[in-house]
Amino acid sequence: MAALSGLASALESYRGRDRLIRTLGYCCQLVGGVLVQQCPARSEVGTRLLALSSQLSHCRTVLRLFDDAAMFVYTKQYGLGAEEEDIFVRCVSVLGNLADQLYYPCEHIAWAADAKILRVDSARWWTLSTAFWGLSLLLGIARSLWMVLKLRQRLRGPTVPCASRMPQSKQRALEAQVQSEVLTLLSNLADLANAVHWLPPGILWAGRFPPWLVGLLGTVSSLLSVYQAVRASGQADTTP
């Protein structure tokens, strides 16, 4: 009953619904791809699961039509990252926000072209939106790697007397932050692999992944995102 209540609570928020739809969509693609490729007797079930995955992806695309305003407000509030002490984190964060901001209108135009609302080449705009997504992921990966390096340096620290050592509470907080950055790094790497796959053929491994591999990478990324959200929610509930 508690699990059902938690699920219902998560579905009340936009982010919660998006995580569920994303996870379900990639799981369907993973299972459907495996059935189509490895189990000819169940290929029809696999084809239906792939169709369901495609519809769930389309659902997320439509819902993202309304994300521009929220992204703009966040980008404006962050600005040039004046509150960030680290200049590298500030630079990659600002560039990442810019890439995210440009991603949305490109995707909207591509969607509108596919829906015959606009008379433009949708393939070009899908490629452009995927490129901005990939750039955002690359910047996120660079930021996470840098943060892990800096946080581990702080945890190791110089040799100091016992009386001057870091408090246990602060050490645990830094360790939790390192773990969070590592999970974000792994999630972004999985998404980046898929982003490259969706670029035009001839770019690295573009177009070479079978459906089940795309589903596997997306499922891994989605589950890591869900885990981080649940973990953050649990930490917020236990904070006095």
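**A walk through an all-helix model**

C91 is a good place to start: with a relative accessible area of 39%, C91 is partly exposed (buried means under 20% relative accessible area, exposed over 50%, and partly exposed in between, using a 1.4 Å probe and protein chains only). Another cysteine, C39, has a relative accessibility of 30%, so C39 also counts as partly exposed. Does the structure hold any sulfur bridges, and how many disulfides are there? The number is zero, where a disulfide would be a pair of cysteine sulfur atoms within 2.5 Å.

Before going further, please keep in mind that this is a predicted model, in which local features need pLDDT of at least 70 and side-chain atom pairs count only at pLDDT 80 or more, while totals for chains, interfaces and linings use all residues. Residues are numbered from 1 along each chain as its sequence is written, and side-chain values use heavy atoms, with hydrogens and water left out.

How confident is the prediction? The chain has a mean pLDDT of 90 (pLDDT is the predictor's confidence in each residue, from 0 to 100), and 89% of the residues reach 70 or more. Confidence is lowest in helix 1, residues 2-11, where the mean is 64. At the other end of the scale stands helix 5, residues 87-114, with the highest mean, 97.

Now for the overall plan. The chain contains eight helices and zero strands (DSSP runs numbered from the N terminus, H or I of at least four residues for helices and E of at least two for strands). Read from the N terminus, the elements follow the order α-α-α-α-α-α-α-α. Of the 240 residues in the chain, 32% are buried.

Helix 5 takes part in two packings that we can look at in turn. Its partner in one of them is helix 6, residues 122-156: the two axes come within 8 Å and cross at roughly 160 degrees (axes are lines fitted to C-alpha atoms, for helices over the stretch in contact, and angles run from 0 to 180 degrees between N-to-C directions). Helix 5 and helix 6 are therefore roughly antiparallel to each other, a term for angles over 145 degrees, with under 35 roughly parallel, 65 to 115 roughly perpendicular and the rest oblique. Helix 4, residues 68-78, also packs with helix 5, at an angle of about 160 degrees and with the axes 10 Å apart. Because of that angle, helix 4 and helix 5 are roughly antiparallel to each other too.

Between helix 5 and helix 6 there is a loop, and K116 sits in it. The phi of K116 is near 65 degrees, which is a positive value in a residue other than glycine. With a relative accessible area of 72%, K116 is exposed. Follow the chain into helix 6 and you meet R143, which counts as partly exposed at 25% relative accessibility. R143 and V89 are 54 residues apart in sequence, and their C-alpha atoms are 5.9 Å apart in space.

Further along, L204 lies in the loop between helix 7 (168-197) and helix 8. L204 is not a glycine, although its phi is positive, at about 50 degrees. At 57% relative accessibility, L204 counts as exposed.

Our last stop is helix 8, residues 211-238, where G215 is found. Is G215 buried or exposed? G215 counts as buried, because its relative accessibility is 0%. In sequence, G215 and L50 are 165 residues apart, while in space they are 9.7 Å apart, C-alpha to C-alpha.
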